[in-house]
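Please walk me through this structure, one region at a time. Keep it brisk.

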Amino acid sequence: MNYMVLLIVNDLNICPTLLDAWDAAKVGGITILESTGMGRIREDSIRDDIPMMPSLSDVFRSREHHHRTIFSVVEGEEMVDRLIEITLEIMGDLNRPDTGVLFVLPVSRVVGLH
């Protein structure tokens, strides 16, 4: 079975080490996105009137906080377990605040994965 492993990383300095480790584990097709969480926008904004559904102008007026969202589709639970192990070795306990979030989703079909 295939799985999508999705990791949101708060500390951008960790990303190169993390990506090198995932690559060394022979993970193919790693995708990296710049991302920002709604909680960060609200929490760190100098404004206290950010609406529930902010517009782009609301977002750009707030202080920017970027994360990286890294994901890949992998085959088998062994590879999922390996990626979790590697990630925890590098990032530490993800239950600590401001570290990141990792989750795994089953993928029922994959087209174009080599």
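A residue counts as buried when its relative accessible area is under 20%, and as exposed when that value is over 50%. Anything in between is partly exposed. Keep these cut-offs in mind while reading this predicted model.

Start with L6. This residue sits in strand β1, which covers residues 2-9. Its relative accessible area is 13%, so L6 is buried. What does L6 touch, leaving aside residues up to four places away in sequence? The partners are T69, I70, F71, V101, L102 and F103. Strand β3 spans residues 67-75, and T69, I70 and F71 carry numbers within that range. Strand β4 spans residues 100-107, and V101, L102 and F103 fall within that one. L6 can also be placed relative to I30. The two are 24 residues apart in sequence, and their C-alpha atoms are 9.9 Å apart in space.

Now turn to the surface. V101 and F103, both contacts of L6, join L105 in a nonpolar surface patch. Together the three residues of the patch have about 230 Å² of accessible area. L105 belongs to strand β4. Is L105 buried, exposed or partly exposed? Its relative accessibility is 38%, which lies between the two cut-offs, so L105 counts as partly exposed.

Next, the empty space. Rolling a probe the size of a water molecule over the atoms shows where such space is left. The largest pocket has a volume of about 170 Å³. It is lined by 12 residues, and those closest to its centre are G28, V73, V74, E75 and L113. Which element gives the largest share of the lining? That is strand β3, with 4 residues. The strand that supplies L6 with T69, I70 and F71 thus also contributes to this pocket.

Finish with the backbone in two loops. K26 is not a glycine, yet it has a positive phi of about 70°. It lies in the loop between α1 (15-24) and β2 (31-35). With a relative accessible area of 69%, K26 is exposed. D98 also has a positive phi without being a glycine, here near 60°. Where is D98 found? It is in the loop between α4 (77-91) and β4. Its relative accessible area is 53%, so D98 is exposed. Both values pass the 50% cut-off, whereas the 13% of L6 falls under 20%.

Notes: Residues are numbered from 1 along each chain as its sequence is written. This is a predicted model: local features need pLDDT of at least 70, side-chain atom pairs count only at pLDDT 80 or more; totals for chains, interfaces and linings use all residues. Side-chain values use heavy atoms; hydrogens and water are left out. Patches are made of residues with over 30% relative accessible area and no salt bridge: like charges are joined within 9 Å, nonpolar side chains (Val, Leu, Ile, Met, Phe, Trp, Tyr) within 5 Å. Accessible areas come from the Shrake-Rupley method with a 1.4 Å probe; for residues, only the protein chains shown count as cover. A salt bridge is a side-chain nitrogen of Lys or Arg within 4 Å of a carboxyl oxygen of Asp or Glu. Buried means under 20% relative accessible area, exposed over 50%, partly exposed in between (1.4 Å probe, protein chains only). Contact means heavy atoms within 4.5 Å. On a 1 Å grid over the protein atoms alone, a cavity is a set of points where a 1.4 Å probe fits but cannot get out, and a pocket is an open set with protein on both sides within 12 Å along at least five of seven lines; lining residues have an atom within 4 Å of a point. Grid points are joined across faces, edges and corners, and a volume is the space filled by probe spheres set on the points.
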